[in-house]
Amino acid sequence: MSGRWFDDLAVGTIVQHVNRRTVTETDNVLFSTMTMNPAPLHLDAEYAAQTEFKRPLMNSMFTVALVVGISVPELTLGTIVAQLGLSEAEFPAPVFAGDTIRVETEIVSTRPSSTRPDTGLVVFEHRAFNQNDTLVCKVRRTGLMHRAPSGQAQERGEA
């Protein structure tokens, strides 16, 4: 298990995630078609060539799913009870096939659960950048996190 317990997630901590991912046209086509999104801006190269982008855009829902997924091994793998919500999703720059995405996460807030003493709520802000260090996605995610079993909490601040 590589995730962090609620007790290990200090507000202000920033984690630079190790994994990166170069996104592909196949990722875009599969995700868009599996999620029933027929938007030609994602699937039709001829259509996209006539837009300001000149080529297909990666589906933004794929982007946000990838961003959250990249964060899992170092934050929530084995330590999350449930994802409770996403908010404040922003896509300030487009993502195209061939872009390499890296992610950093900041712990924005934490509070013990008022109804489940063995858990706490954490708000993560995930920020994704392309290979040119351009911010391409920012999203806040709330997780219900397990508290550390007795004697297992450890501070791993990486700010």
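This report walks through a predicted model of one protein chain, from its overall layout to a few individual residues.

## The whole chain

Let us start with the broad picture. The chain has four helices and six strands. Going along the sequence, their order is β-β-α-α-α-α-β-β-β-β, so you will meet two strands, then the four helices, then four more strands as you follow the chain. The C-alpha trace spans about 60 × 30 × 25 Å along its principal axes.

The chain holds 159 residues, and 40% of them count as buried. Its exposed area is about 8300 Å², with carbon and sulfur atoms supplying 53% of that. Among the contacts with a separation of 6 or more, 72% are between residues 24 or more positions apart. As for charge, there are 14 positive and 18 negative charges, and their mean positions are 4 Å apart.

How confident is the predictor here? The mean pLDDT of the chain is 94, and 94% of the residues reach 70 or more. Over residues 155-159, however, the pLDDT is below 50. In the model, this stretch still has 15 contacts beyond near neighbours in sequence.

## A closer look at helix H1

Helix H1 covers residues 25-34, and its buried residues are Asp27, Asn28, Phe31 and Ser32. These four lie on the same side of H1, because they cover an arc of only 110° around the axis. On the other side of the helix, Glu25 and Met34 are exposed.

What do the buried residues of H1 pack against? Their partners are strand E2 (21-22), helix H2 (40-43) and helix H4 (60-75).

## Residues with a positive phi

Most residues other than glycine have a negative phi. With that in mind, three residues of this chain are good ones to find in the viewer. Met36 comes just after H1 and takes a positive phi of about 65°. Glu88 is found in strand E3, which runs over residues 80-90, and its phi is near 55°. Asp133 has a positive phi of about 60° although it is not a glycine; its place is the loop between strand E5 (119-129) and strand E6 (135-146).

## Three partly exposed residues

The next three residues come from separate parts of the chain. Leu41 is in helix H2, Ile80 is in strand E3, and Thr110 is in strand E4, which covers residues 100-112.

Are they buried, exposed or in between? Leu41 has a relative accessible area of 21%, so it counts as partly exposed. Buried would mean under 20%. Ile80 is partly exposed too, because its relative accessibility is 26%. Thr110, at 31% relative accessibility, is also counted as partly exposed.

Each of them can be paired with a residue further along the sequence, as the table shows, with distances taken from C-alpha to C-alpha.

| Pair | Apart in sequence | Apart in space |
|---|---|---|
| Leu41 and Phe91 | 50 residues | 15 Å |
| Ile80 and Thr119 | 39 residues | 9.0 Å |
| Thr110 and Gly120 | 10 residues | 7.0 Å |

Which residues does each one touch, once those up to four places away in sequence are set aside? For Leu41, the contacts are Tyr47, Ala48, Thr51, Phe53, Pro56 and Leu57. Ile80 meets Arg141, Gly143, Leu144, Met145 and His146. Thr110 is in contact with Phe6, Leu9, Val11, Leu121 and Val122.

## Putting it together

To look back over the tour, the model has four helices and six strands, and 40% of its residues are buried. Helix H1 turns Asp27, Asn28, Phe31 and Ser32 to one side, where they are buried, while Glu25 and Met34 are exposed on the other. When you look at the end of the chain, keep in mind that residues 155-159 have a pLDDT below 50.

Definitions and conventions:
Residues are numbered from 1 along each chain as its sequence is written. This is a predicted model: local features need pLDDT of at least 70, side-chain atom pairs count only at pLDDT 80 or more; totals for chains, interfaces and linings use all residues. Side-chain values use heavy atoms; hydrogens and water are left out. Buried means under 20% relative accessible area, exposed over 50%, partly exposed in between (1.4 Å probe, protein chains only). Contact means heavy atoms within 4.5 Å. Accessible areas come from the Shrake-Rupley method with a 1.4 Å probe; for residues, only the protein chains shown count as cover. Lys and Arg count as positive and Asp and Glu as negative; His and the chain ends are not counted. The place of a charge is taken as NZ of Lys, CZ of Arg, CG of Asp or CD of Glu. The arc is that of the directions from the helix axis to the C-beta atoms. pLDDT is the predictor's confidence in each residue, from 0 to 100.
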